[in-house]
Amino acid sequence: MWHDSKLMNNTANALFGLVLFSLLLSAVWWVIQRPLFTLQVIRVEAGSAAGSAGLRHVNTLTIRNTALPKIRGNFFTANLDAVRSAFETVPWVRKASVQREWPNKLVVTLEEHVALGTWGENGQLISAKGDVFTANLAEAEDDADLVALTGPDGSEKEVLAQYVEFKNWFAKINLAPESVNYSSRYAWSLKLNNGMQVQLGRVQDATTLKSRVDKLMTVYPQLLASLQDSIESVDMRYPNGLALKSSHSNLGSKKQTKASGKT
């Protein structure tokens, strides 16, 4: 009997604890469902990187149409990861972070993409950080002159890094790339802002592109002096020279100079 009494007491205590826990859980659930905690405000702010300029492209209408319909729950039950993901589907948003603010607010901090150029042939944009995204091309063109970058899938950051190097190299002769192409055969070419096409070919070692650009910049002043603005293209894939194509506007003729041994 003594053992039976102890078992009965333990069972009664367990049942009492279970009932008490259920009551507490129900009370908590009742509290968090009160209208006081219904989300009343979702405040959207620009990240610190934007400075005083604030958000340039993300607006209230876009957020209302794109992000807000995906938000569920109240102050306590809203899934912050789901809210963050909803805001990161908004065009121009690179990154979102979300915090709760007592008792019925969410604070969303957004970082926008900064468009550097276009990527590929499908109307996508590439940011200054190498992220490819889809947004209104006209808006991006209002912000800056866009460089056209193309390359195989997955090469976005490599092409961006090479564009930056080309930009720094050609600045020495007051030129800048308007487009950079990295072909499916891993060959590099670019178009400069004077209209000149430059073929640089495939990389053979760490110095290939730099040495070919340096060779072009060495002869460029003489080419410019003799041909002025008539240079159409330069092929730097030859180890001992270059191939040049020009058309002189006054004569309407074509001139091509070649060296042997293209690589």
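This is a short viewer tour of a predicted model, going from a three-stranded sheet to two nonpolar cores.

Before you click: residues count from 1 along each chain as its sequence is written. Local features need pLDDT of at least 70 and side-chain atom pairs count only at pLDDT 80 or more, while totals for chains, interfaces and linings use all residues, and side-chain values use heavy atoms, with hydrogens and water left out.

**Stop 1: the open sheet**

Select 41-46, 93-101 and 105-112, which are strands E1, E2 and E3. (Strands, E, of at least two residues and helices, H or I, of at least four are DSSP runs, numbered from the N terminus.) The three form an open sheet in the order E1-E3-E2, with mixed pairing; two strands pair if DSSP finds at least two bridges between them. E1 and E2 are the edge strands, each pairing on one side only. From one strand to the next, the twist averages 20 degrees.

Zoom in on E2 and E3: eight bridges hold this antiparallel pair. Glu101 stands opposite Lys105 in E3.

Now add 80-87. That's helix H3, lying across E1, E2 and E3 at about 145 degrees to E2. Axes here are lines fitted to C-alpha atoms, for helices over the stretch in contact, and angles run from 0 to 180 degrees between N-to-C directions.

**Stop 2: helix H5**

Jump to 156-170, helix H5. Its 15 residues reach 21 Å from first C-alpha to last, close to the 21 Å expected at 1.5 Å a residue; the expected span is 1.5 Å times one less than the number of residues. Show the side chains of Glu156, Val159, Leu160, Gln162, Tyr163, Phe166, Trp169 and Phe170, which are buried. (Buried means under 20% relative accessible area, exposed over 50%, partly exposed in between, using a 1.4 Å probe and protein chains only.)

Pick out Gln162: it counts as buried because its relative accessibility is 11%. Beyond its neighbours within four places in sequence, Gln162 touches Trp169, Trp188 and Leu209, contact meaning heavy atoms within 4.5 Å.

**Stop 3: the hairpin and the crossover**

Select 187-192 and 197-202, strands E9 and E10, which run antiparallel and share five bridges. Ala187 stands opposite Arg202 in E10. Four residues separate the two strands of this hairpin, and in the turn Gly195 has a positive phi of about 90 degrees.

Next, bring in E11 (231-235), joined to E10 by three bridges in the parallel sense. The chain gets from E10 to E11 through helix H6 (208-227), and this β-α-β crossover is left-handed. (Right-handed would be a clockwise path from the first strand over the helix to the second, with the strands pointing away from the viewer.)

On the way, stop at Val203 in the loop between E10 and H6. At 44% relative accessibility, Val203 counts as partly exposed. Leaving aside neighbours within four places in sequence, its contacts are Tyr186, Trp188, Thr208 and Leu209.

**Stop 4: the cores**

Finally, select Leu149, Phe166, Phe170 and Leu200: they have the most contacts inside the largest nonpolar core, which has 32 residues. (Such a core is a set of buried Ala, Val, Leu, Ile, Met, Phe, Trp, Tyr and Cys residues joined through side-chain atoms within 4.5 Å.) H6 gives the most to this core, with seven residues. Phe170 is in contact with Leu175, Leu190, Leu192, Val213, Leu216 and Met217, neighbours within four places aside. A second, separate core has 23 residues, among them Ala78, Val90, Trp92 and Phe133.
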